[in-house]
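Biologist: I'm new to this one. Could you show it to me and explain the words you use for it?

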Amino acid sequence: EITPEFSYFSDEKEMRFRITVNGGEKPDGLAVHHVLYKDAARLDEKVQVLPSGDGQLELALPNQSGVGHYRLEVTLHDAVKARLGDAACAFSVLRHEDYEGKINLWRHSIQFAGKETFMWSNIWEGLPSDESVKLMAENGFNGVLIMIHSGSPTPDEIKDLLAAGQKYKVNFILWLGVGKEGIDRLIQVAPLLRNQASFLAFWGLDEVVTQGWSDAAIDDAAKTLRQAIGENALLFHNENDYGVMQRANFRNDDIISVDHYTIPDRELASVSLVVGNLKKQAGNKPACFIAQSTGNAYCYGREPTPLEHENQIYQAFTCDVWNISFLDNIPLGAENLPTLKRLRTEWDQLLALDIPAAPPVPAFCSDRDIRFLARKITKGHVIVSVNNDDATPVCFDAPWLPKAGVVEVLFENRTLPVRDGAFTDSYGRLQRHVYVLAEQPARDSENP
């Protein structure tokens, strides 16, 4: 299997690929033969021995043959040069743009203007004013998903919006209505939005499975929009829970999303089911969870409590989904802003641990209602967890936990003892805990 680092390449000095040999135990002496083509021209060829271990080889090729379409072919051989398998990957090198968007397929993240970006955003129905963008930035949002149900913003309105985004460091994603008409409106304004410092993605499709769109219709719509916006721009596609559970067609999209509103008629724990399915369908692409806040909650009878806000967001984290948005039209839901701002601070600290890109590690919990994500981070290990039921005591054990030690409980100013590779803790109803085990110093074999 071949996985390029990015969904396309532009100004990178090297084009990097991860070659993965699937299957069971890997014998010694395996070798990978690669050939790189641009159109029909053969550019590069080499044989490399596969390192022992997890069956992965990182291949770095110089990016010096210009814009165009490329194909990488690899063949796996054993120690006596018998052919065991092959794989191929088509990719593009595009002309660099200052504010281009691409996907880091190794880290499942958004790359915008050369920087890794995660969304902590708010949905705004209508065009937000300068003052509204400022208010959202002050309350921790780094993005706004704009939904305009009819008509299009004028060139002057777009200019003012983009200026506000630059001023307050907020990026925008724009949707301009349902069906073909909405996509046509988005195409009309695309020249004003492409390669702009505060415009992140074009939102062409929203809940189209519920509207009865076929896979072919979704393909056609995405293709039409892609031709208009170019390959250097990002496509955002959102479905509701029904669309995700019906395995919506996301194959043409860069960022895939689900909105799932649980209160008051659904189990809050269903967030894990729906968002977990979204993550599986996302594969190497970044996924986004649109959480219930206010907005639609008024149609359903009540708003989420602060604890319910916290629980649903941490359920997304345990599904390894780190792009978060809320339906919280300000000032309608301003009473929720302190909770969302606190959660933004916690989100920042979790991202600083580089959890999204960290490799998974085995861990076990005594209570199946505790959802958790265990990762090996640069300076230790982390478990992000949330309780989807009533108060309960639990025990975690893992092969990487020491015989004796201490785990820190983030955001709670406390620690827990580790004994014989396990620790215990208690959860309140719907409560979250984040445990960090700092990297253990190497023991001197002569002085145990």
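Modeller: Gladly, and keep in mind that this is a predicted model. Let's begin where Pro 155, Ile 158 and Leu 162 of helix α2 meet Val 189, Leu 192 and Leu 193 of helix α3. By class, this contact has six nonpolar, no polar and no charged residues.

Biologist: Why is α2 called oblique to α3?

Modeller: Their axes cross at roughly 50°. Roughly parallel needs an angle under 35 degrees, and roughly perpendicular runs from 65 to 115. The angle fits neither range, so α2 is oblique to α3. The crossing is also right-handed, and the axes come within 10 Å.

Biologist: What makes α3 roughly parallel to α4?

Modeller: Helices α3 and α4 pack at an angle of about 10°. The cut-off is under 35 degrees, so the pair counts as roughly parallel. Their axes lie 9 Å apart.

Biologist: Which residues of α3 and α4 meet?

Modeller: From α3 come Ile 183, Leu 186, Ile 187 and Ala 190, and from α4 come Ala 221, Thr 224, Leu 225, Ala 228 and Ile 229. That contact has eight nonpolar, one polar and no charged residues. Thr is not on the nonpolar or charged list, so Thr 224 is the polar one.

Biologist: How do you know that strand β11 pairs with β18 and with β12?

Modeller: Pairing takes at least two bridges. β11 has four bridges to β18 and five to β12, so both pairings qualify. Each runs parallel. Ser 121 has Ser 325 as its bridge partner in β18 and stands opposite Gly 143 in β12.

Biologist: What makes β11 mostly covered?

Modeller: Five of its six residues are buried, which means under 20% relative accessible area for each of those five.

Definitions and conventions. Residues numbered from 1 in each chain as written. Predicted model: local features only at pLDDT ≥ 70, side-chain atom pairs only at ≥ 80, totals over all residues. Heavy atoms only, no water. Axes fitted to C-alpha atoms, helices over the stretch in contact; angles between N-to-C directions. Helix = DSSP H or I, 4+ residues; strand = E, 2+ residues; numbered from the N terminus. Parallel < 35°, antiparallel > 145°, perpendicular 65-115°, else oblique. Contact = heavy atoms within 4.5 Å. Left-handed = near helix turned anticlockwise from the far one by under 90°. Buried < 20%, exposed > 50% of the residue type's maximum accessible area, 1.4 Å probe, protein only.
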